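Reader: I'm more at home with gels than with coordinates. Could you walk me through how to read a fold?

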Amino acid sequence: PEQVGIVEAIRGELSDDAIVVSGVTNIAYWANVAYSVRQPGTFITSSYFGTLGYGFPTALGAQVGRPDRQVVALCGDGGFLYSPQELSTALRYGINLVAVVFNNSAFGASRWDQTHRYGQRFIGTDLHNPDFMKLADAFGVRGLRTDVAGLAASLREALSAGAPVLLEVVLPIMMPPFQIVP
């Protein structure tokens, strides 16, 4: 599926020793099964349950611990919004990671489930997000917005910034790997 292609595009822009923090979001779920880990200790995941919002703060810690490495946090829009104020921490202390925020304006896996298993009875899955570029600017960090087609080039640009970057990737609600339906 397209999600595997997204994971492969991310892998293609990272060095072998880059650290990826797989948050609780669709593309990160796919990364758990499709990301090619090339060195031990370079893929951090909490699994699936109960850790929404941990990705970006965990990636900050990974970058502090390994400042010589590329660090990328794979975040959903809902999970990232648990701690966007940490953009301030990243800027203040020169923690130069890339927060990739996959924006589908929903808690996407739950929305997918409600669509395909619960007769489109929706509750609590739609998000009213801020403008992520304005949010990045408000904290003084670089913001980049792209779609799936521009992800590789935008990630390459973000990694070369030498500063904290919020990279928003606008995409539709997509099927998570644990809810494959015919």
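Author: Sure, and one term comes up straight away: buried means under 20% relative accessible area, exposed means over 50%, and partly exposed lies in between (1.4 Å probe, protein chains only). Bear in mind that this is a predicted model, where local features need pLDDT of at least 70, side-chain atom pairs count only at pLDDT 80 or more, and totals for chains, interfaces and linings use all residues. Residues are numbered from 1 along each chain as its sequence is written, and side-chain values use heavy atoms, with hydrogens and water left out.

Reader: Which residues of helix α2 are buried?

Author: Helices (H or I, at least four residues) and strands (E, at least two) are DSSP runs, numbered from the N terminus. Helix α2 covers residues 26-34, and its buried residues are N26, I27, A28, Y29, W30 and A31.

Reader: And what do those buried residues of α2 pack against?

Author: Look for contacts, meaning heavy atoms within 4.5 Å. The partners include two helices, α1 (2-13) and α6 (108-117), and also the strands β1 (19-22), β2 (43-45), β3 (71-76) and β4 (98-103).

Reader: Okay, strands next. Which way do the side chains of β1 point?

Author: In a regular strand the side chains alternate between the two faces of the sheet. Here, I19 and V21 go one way from β1 while V20 and S22 go the other, and all are buried.

Reader: How many bridges join β1 to β3, and how many join β1 to β2?

Author: Two strands pair if DSSP finds at least two bridges between them. There are four from β1 to β3, running parallel, and three from β1 to β2, also parallel. Follow S22 to see both sides: L74 stands opposite in β3, and T45 is the bridge partner in β2.

Reader: What about backbone angles? Which residue in the loop between β4 and α6 should I check?

Author: Try S105, which sits in that loop. S105 has a positive phi of about 55° although it isn't a glycine. S105 is partly exposed, at 35% relative accessible area. Q120 is another non-glycine with positive phi, near 60°. You'll find Q120 in the loop between α6 and α7 (132-139), and Q120 is exposed, at 52%.

Reader: Zooming out, how many helices and strands does the protein have?

Author: Eight helices and six strands. The radius of gyration, taken over C-alpha atoms, is 15 Å, close to the 16 Å that the globule rule (2.2 Å times the number of residues to the power 0.38) gives for 182 residues, so the protein is as compact as a globular protein of that length. Buried residues make up 49% of the 182.
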